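Student: I'd like a close look at one charged residue and the part of the model around it. Could you then follow the thread outward, with the cut-offs as you go?

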Amino acid sequence: MADSHPKNLDPRPKRRRDEENPYEIYTAGINTAHPHYFLAFTDGSKVKRWMEIDKTLFDTFNEFELDDLSFFNEVDRHYEQSEVTEATLNRRAAKPQESVEETVSQRMEVDKLHQAIAKLPEKQRRRLVLYYFGEFTYEQIAAMEGCKFQVIAKSIKTAEKNLKKFLIGG
């Protein structure tokens, strides 16, 4: 273990890391025949320590960093990041409750949609359900069925037209 900072570190992209993450990884001479990989951490005495590690261990730590980054990005994209204030709670509480008529009407529309989907030809129904409810892409469905994605796209568009005819009567 070396107490001094390794010289001539290669530039690495700055990555957002968890505050609790106790280590950092660095490379030196990455574009040479003999690159060096380093792990830095602060020991229990609050002293910064450096240690040369092998490529396999470096790659493992790098993968952990990328997994952390992926998790942070998912949190940013999918979890609510708003402050809950008295004003927002009041707005939520003041939202008018649906009437019984609205609830029944919506339920009838959902039932009518399910009936319309049930009347579709089997292939159209399967593809439509995979696309809208299974959240698969045209390409993924095409791969599952062994055909081109254009065939899937056309089939789903035709299913949508058939649903409109049934639901609207046009």
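Student: What does lysine 48 count as, going by its relative accessibility?

Tutor: Happily! Lysine 48 counts as partly exposed, because its relative accessibility is 34%; here buried means under 20% relative accessible area, exposed over 50%, and partly exposed in between, with a 1.4 Å probe and protein chains only. A word on the ground rules: this is a predicted model, where local features need pLDDT of at least 70 and side-chain atom pairs count only at pLDDT 80 or more, while totals for chains, interfaces and linings use all residues. Residues are numbered from 1 along each chain as its sequence is written, and side-chain values use heavy atoms, leaving out hydrogens and water.

What does lysine 48 pair with? Its side chain meets that of glutamate 24 in a salt bridge, at 2.9 Å from N to O. This pair ties distant parts of the chain together, with glutamate 24 in strand β1 (residues 23-28) and lysine 48 in strand β3 (residues 48-53), 24 residues apart. The term salt bridge stands for a side-chain nitrogen of Lys or Arg within 4 Å of a carboxyl oxygen of Asp or Glu. Helices (H or I, at least four residues) and strands (E, at least two) are DSSP runs, numbered from the N terminus. Glutamate 24 is partly exposed too, because its relative accessibility is 25%. That partial exposure sits in a strand that is mostly covered, since five of the six residues of β1 are buried.

Now the sheet itself. It is open and has three strands in the order β1-β2-β3, paired antiparallel; two strands pair if DSSP finds at least two bridges between them. The edges belong to β1 and β3, each with a single partner strand, so each has one side without a neighbour in the sheet. On average, neighbouring strands are turned by 25° against each other, direction ignored. Axes here are lines fitted to C-alpha atoms, for helices over the stretch in contact, and angles run from 0 to 180 degrees between N-to-C directions.

Along the β1 side, six bridges join β1 to strand β2 (residues 36-42), and the two run antiparallel. Tyrosine 23 stands opposite phenylalanine 41 in β2, and isoleucine 25 stands opposite leucine 39 in β2. For background, in a regular strand the side chains alternate between the two faces of the sheet. From β1 there is also a link in space to helix α1 (residues 55-78), where phenylalanine 58 is found. Phenylalanine 58 and tyrosine 26 are 32 residues apart in sequence and 8.5 Å apart in space, C-alpha to C-alpha. Phenylalanine 58 counts as buried because its relative accessibility is 6%.

Back to charges. The structure holds seven salt bridges, and the one made by lysine 48 can be set beside two others. In helix α3 (residues 100-119), arginine 107 and aspartate 111 lie four residues apart, so about one helical turn separates them. Their side chains meet at 3.0 Å, N to O, and aspartate 111 is partly exposed, with a relative accessible area of 32%. Another salt bridge joins the side chains of arginine 126 and glutamate 145, at 2.8 Å from N to O. That pair also connects distant parts of the chain: arginine 126 is in helix α4 (residues 122-132) and glutamate 145 in helix α5 (residues 138-145), 19 residues apart. Arginine 126 is partly exposed at a relative accessible area of 31%, and glutamate 145 is partly exposed at 24%. A network of salt bridges links Glu122, Arg126, Arg127 and Glu145.

In α4, Gln124, Arg127 and Leu128 are buried. Down the axis of α4, its buried residues fall within an arc of 100°, so they line one face of the helix; the arc is that of the directions from the helix axis to the C-beta atoms. These residues pack against α3, α5 and α6 (149-168).

Last, the axes of α5 and α6 come within 8 Å and cross at roughly 110°. The two helices are therefore roughly perpendicular. Their contact, meaning heavy atoms within 4.5 Å, includes Glu145 of α5 and Phe149 of α6. For the angle classes, under 35 degrees is roughly parallel, over 145 roughly antiparallel, 65 to 115 roughly perpendicular, and the rest oblique.
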